[in-house]
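Student: Could we go through this protein step by step, asking each time how a word is justified?

Tutor: Yes, let us look at the model together and set each value against its cut-off.

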Amino acid sequence: MGADSPPPHSHVPPWFLKSVGRRYYSPVFQITLIGLVCFCCPGMFVALNGMGGGGQLNPSAANNANTALYATFAVFGLLGGGIYNILGPHVTLLFGCSFYVLYVGSFLYYNHHTEQTFVIVAGALLGLGAGLLWAGQGAMMTAYPTEDRKGMYISLFWTVFNLGGVVGGFIPFALNYHSSFARVNDGTYIAFMIIMSIGALLTLALASPHKVIRDDGSRVTLVRYSKVSLEMWEILKLFADWKMLLLVPACWASNYFYTYQFNNVNDALFTVRTRGLNNVFYWGAQMAGSISVGYLLDHCSTSRRRRGYVGVILLAILSTAIWGGGLANQLRYSRNKPLAKIDFKDSGSKYSGPFVLYFFYGLLDAMYQTLCYWIIGALTDNSQTLSRYSGFYKGVQSAGAAVAWQVDEHNVSFLSEIIANWGLMTLSFPLLLVLISLAVKDITPGQEQHERDFQKEAPGNAEGKDEADVKDKSGPVEETSAP
């Protein structure tokens with residue numbers, strides 16, 4: 001009897017088991033599941049970070065912890081794709097998620113012992129874990145969908161993930177509603193740690209990539225796990241890949257603005273409970289933004305390249321409008337001339353303008369990152385190549401974030417920070433247009449299946465030769481087709 005056979009006297013109908021299995025191995029279920037993992041771990045993390053200063057009165061500890069976090073994230077985000085290709089999803093993601101719990105625990109410790117060492121070390125370890133998690137997540141999110149549904153699945157993930165930020169925003173809002181302290185209480189950190197622990201365990205429920213069956217009936221290619229030397233070489237080659245070089249400003253910009261928005265808008269302007277409430281809407285706006293731009297990128301044209309052009313131009317217009325509004329708001333205050341803290345209940349009409357701005361910051365963030373992931377997913381269907389591309393994206397993104405947290409720690413003016421954020425994002429748009437023009441091919445679903453069939457019949461795959469001998473449209477293929 002095979003390992004997967006039902007027990008001898010099972011009363012479960014075979015058709016039911018087959019139906020459940022088909023749904024379990026579907027891209028929509030697996031993308032939702034990795035979304036739930038990120039709901040619990042990064043979702044709670046961004047909710048805590050969105051409070052400004054990690055929920056503390058003085059943001060210094062959080063700034064230094066985040067600098068250590070994103071410095072190691074930059075390294076392991078880059079290496080994460082290779083590690084994922086070697087170890088597979090379960091080990092990589094479980095190990096990565098476990099450090100989120102430690103990080104929040106360090107702030108619980110800091111509530112009672114104002115010593116930064118533990119917080120900074122926990123931040124550095126979380127950078128390692130987050131690099132592994134996001135490289136694996138990026139590979140799944142971009143490799144599992146068919147070409148015509150990439151936008152939908154990216155927005156599905158982003159919606160589930162950001163729902164974590166919404167729920168995470170309610171936690172400090174509810175637990176600190178009547179608090180007079182300028183920092184969050186112990187219960188807030190404990191609640192985050194419990195939810196993160198659940199997320200780490202959920203990684204064990206993910207299916208192996210080669211068992212996932214796409215919507216068109218094709219299988220995700222079977223990864224023959226790579227060697228360390230090969231992965232190191234392929235990662236180094238990314239720095240000479242013109243496609244990745246065109247992505248660098250977008251990668252750098254895509255997390256650089258968090259420091260400004262969390263510390264110098266949400267933390268600088270609002271009371272503790274209002275900061276929690278603001279985060280509910282900030283991450284809720286991300287859900288709306290990812291769904292809308294994901295639908296646009298899938299359906300606004302039959303031409304994939306034209307859909308990319310429309311997405312970039314739309315985001316350039318929105319970016320100009322939102323950052324322009326942010327500049328107008330920033331001119332009202334500075335580090336040396338702070339405003340009185342705004343409370344959603346007590347400040348009346350003073351609350352509405354900054355709240356709407358913060359909401360649109362969240363909307364722009366999700367739309368921008370969904371666009372970046374869509375472009376990465378349009379470069380190739382090779383899941384190992386996509387894991388490296390996703391790792392490169394997260395690595396450069398995290399390097400930018402590490403710089404941003406230290407810029408803020410050194411008390412650079414708020415005005416200089418917002419101008420740098422606006423300028424970086426604006427610089428990325430023409431480069432993304434060039435990348436789409438040169439590297440994104442117009443392809444129909446039928447042509448996509450034909451390319452998979454061609455790769456399946458390639459001699460290197462059939463004979464089990466070194467996968468690097470087979471070339472696809474994006475470079476070396478380190479995979480064999482699934483049986």
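Student: Which residues of helix 3 are the buried ones?

Tutor: In this predicted model, the buried residues of helix 3 are Pro42, Gly43, Met44, Phe45, Val46, Ala47, Leu48, Asn49 and Gly50. Helix 3 spans residues 42-50 and is mostly covered, since 9 of its 9 residues are buried.

Student: What makes a residue count as buried, and how much of the protein chain is buried?

Tutor: A residue is called buried when its relative accessible area is under 20%, and residues of that kind make up 57% of the 483 residues in the protein chain. The protein chain still exposes about 18800 Å², of which carbon and sulfur atoms supply 68%.

Student: Why is Asn411 called exposed?

Tutor: The relative accessible area of Asn411 is 55%, and the word exposed requires a value over 50%, so Asn411 is exposed. Asn411 sits in the loop between helix 14 (383-409) and helix 15 (414-439), and its phi is near 60°, a positive value in a residue other than glycine.

Student: Why is Arg332 called partly exposed?

Tutor: Its relative accessible area is 43%, which is neither under 20% nor over 50%, and therefore Arg332 is partly exposed. Arg332 belongs to the loop between helix 12 (304-330) and helix 13, and, leaving aside its neighbours within four places in sequence, Arg332 is in contact with Leu339 and Pro354.

Student: What makes Gly353 partly exposed?

Tutor: Gly353 has a relative accessibility of 41%, and because this falls between the cut-offs of 20% and 50%, Gly353 counts as partly exposed. Gly353 is placed in helix 13, residues 352-379, and its C-alpha atom is separated by 9.7 Å from that of Gly325, with their positions 28 residues apart along the chain.

Student: Why does Ser98 count as partly exposed?

Tutor: With a relative accessible area of 35%, Ser98 also lies between 20% and 50%, so the term partly exposed applies to Ser98. Ser98 is found in helix 5, residues 89-110, and from C-alpha to C-alpha it is 5.9 Å from Ala200, although the two are 102 residues apart in sequence.

Student: What share of the contacts in the protein chain joins residues 24 or more positions apart?

Tutor: Among contacts with a separation of 6 or more, residues 24 or more positions apart account for 85%. The protein chain as a whole holds 17 helices and 4 strands.

Student: How is the packing of helix 4 with helix 6 described?

Tutor: Two packed helices are described by the angle between their axes and the distance between the axes. The axes of helix 4 (residues 60-87) and helix 6 (residues 116-143) come within 6 Å and cross at roughly 35°, and the crossing is right-handed. Sorted by class, the contact of helix 4 with helix 6 has 19 nonpolar, 11 polar and no charged residues.

Student: How do you know where to read this model with care?

Tutor: Where pLDDT is low, the predicted coordinates should not be read in detail. The mean pLDDT of the protein chain is 80, and 82% of its residues reach 70 or more. Over residues 1-10, however, the pLDDT is below 50, and this stretch has 3 contacts in the model beyond near neighbours in sequence. Over residues 449-483 the pLDDT is below 50 as well, and that stretch has 72 contacts beyond near neighbours in sequence.

Technical notes
Residues numbered from 1 in each chain as written. Predicted model: local features only at pLDDT ≥ 70, side-chain atom pairs only at ≥ 80, totals over all residues. Heavy atoms only, no water. Axes fitted to C-alpha atoms, helices over the stretch in contact; angles between N-to-C directions. Helix = DSSP H or I, 4+ residues; strand = E, 2+ residues; numbered from the N terminus. Left-handed = near helix turned anticlockwise from the far one by under 90°. Nonpolar A, V, L, I, M, F, W, Y, C, P; charged D, E, K, R; others polar. pLDDT = per-residue confidence, 0-100. Contact = heavy atoms within 4.5 Å. Buried < 20%, exposed > 50% of the residue type's maximum accessible area, 1.4 Å probe, protein only. Areas by Shrake-Rupley, 256 points an atom, 1.4 Å probe, with all protein chains shown as cover.
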